[in-house]
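Work through these exercises with the model open beside you. Try each task before you read its solution.

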Amino acid sequence: MTRLFTGLALAIMIGGAAVSAQMKHVSLKDAKGADVGMAMISPAKGGGVSIDLDLHGLPPGEHALHFHAAAKCEGPDFTSATGHFNPAMKKHGMENPDGPHAGDMSNFTVDAKGAAKATIVNKNVTMGAEANSIYANGGTALMIHAAADDMKSDPAGNAGARIACGTITH
């Protein structure tokens, strides 16, 4: 009987580890290194990834969210993250007929108190081993910009300064 319970407990633990291995917690920091919240990335139903944002301490208004090509978030301007994640070498923008970059995503809104809870789905990236994986080439960065993305201007949608960043690695 003890073996049965031990085996059952082990199976539950292994199953739980498999589920958590498919989720990625990303801590987001501002240019001064202060915590501004987190994102939980998981596989999306129908392909791609789902990003659950829980943010605070940001300027109110609409903001762009992108995956950037390098898993580096060195302040104050976060240029170490390089440009948008774009393994297929497309143009920027979800409304651009020659786009989008794999890292392009919908905008989200921060409320008057500086907080945001949102879920963004990106169908153009994976959490696997493909070239469009958020883990490709050592990982990516999740970037929040000061303004909204206009969804068409190349190379970055006129989204303004990079105001928060978090690295994504295995």
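**Exercise 1. The sheet**

Task: In this predicted model, find the order of the seven strands in the open sheet, and say which strands stand at the edges.

Solution.
- Step 1: Trace the seven strands across the open sheet. The order is β5-β8-β9-β1-β2-β3-β7.
- Step 2: Check the directions. The pairing is antiparallel.
- Step 3: Look at the two ends of the order. β5 and β7 stand at the edges, and each has a single partner strand, so one side of each lacks a neighbour in the sheet.
- Step 4: Follow the twist. From one strand to the next, it averages 25°.
- Step 5: Zoom in on one pair. β1 and β9 run antiparallel and are joined by two bridges. Asp30 has its bridge partner, Ala164, in β9.

**Exercise 2. The disulfide**

Task: Find which cysteines a disulfide joins, and work out which parts of the chain the pair ties together.

Solution.
- Step 1: Apply the cut-off. Two cysteine sulfur atoms count as a disulfide within 2.5 Å.
- Step 2: Test the pair. Cys73 and Cys165 have an S to S distance of 1.9 Å, and a disulfide joins them.
- Step 3: Count. The rule gives one disulfide.
- Step 4: Place both ends. Cys73 is in the loop between β5 (65–68) and β6 (108–110), while Cys165 is in strand β9 (residues 162–168), so the link ties together parts 92 residues apart in sequence.
- Step 5: Recall the chemistry. A disulfide is a covalent bond between two cysteine sulfur atoms.
- Step 6: Read the handedness. The angle about the S-S bond is -60°, and the link of Cys73 and Cys165 is left-handed.
- Step 7: Compare accessibility. Cys73 has 24% relative accessibility and counts as partly exposed. Cys165 has 2% and counts as buried.

**Exercise 3. The nonpolar cores**

Task: Find which residues touch the most other members of the largest nonpolar core, and which strand gives the most to this core.

Solution.
- Step 1: Start with the general idea. In soluble globular proteins, nonpolar side chains tend to be buried together.
- Step 2: Pick out the best-connected members. The largest nonpolar core has 29 residues, and Ile41, Ile51, Phe67, Phe108, Leu142 and Ile144 touch the most other members.
- Step 3: Ask where the core residues come from. At least two come from each of β1 (24–30), β2 (35–43), β3 (49–55), β5, β6, β7 (116–122), β8 (140–145) and β9.
- Step 4: Find the top contributor. That is β3, with four residues.
- Step 5: Look for another core. One of five residues lies apart, and its members include Phe78, Ala81, Ala141 and Met143.

**Exercise 4. The backbone in the loops**

Task: Locate the cis peptide bonds at Pro76 and Pro100. Then decide whether Met89 and Met151 are buried or exposed.

Solution.
- Step 1: Check Pro76. The bond between Gly75 and Pro76 is cis, with omega about 10°. Pro76 is in the loop between β5 and β6.
- Step 2: Check Pro100. The bond from Gly99 to Pro100 is cis, with omega near 5°. Pro100 is in the loop between β5 and β6.
- Step 3: Turn to Met89. Its phi is positive, near 55°. Met89 sits in the loop between β5 and β6. Its relative accessible area is 68%, over the 50% cut-off, so Met89 is exposed.
- Step 4: Turn to Met151. Its phi is positive, near 70°. Met151 sits in the loop between β8 and β9. Its relative accessibility is 13%, under the 20% cut-off, so Met151 counts as buried.

Definitions and conventions:
Residues are numbered from 1 along each chain as its sequence is written. This is a predicted model: local features need pLDDT of at least 70, side-chain atom pairs count only at pLDDT 80 or more; totals for chains, interfaces and linings use all residues. Side-chain values use heavy atoms; hydrogens and water are left out. Buried means under 20% relative accessible area, exposed over 50%, partly exposed in between (1.4 Å probe, protein chains only). A nonpolar core is a set of buried Ala, Val, Leu, Ile, Met, Phe, Trp, Tyr and Cys residues joined through side-chain atoms within 4.5 Å. Two strands pair if DSSP finds at least two bridges between them. Axes are lines fitted to C-alpha atoms, for helices over the stretch in contact, and angles run from 0 to 180 degrees between N-to-C directions.
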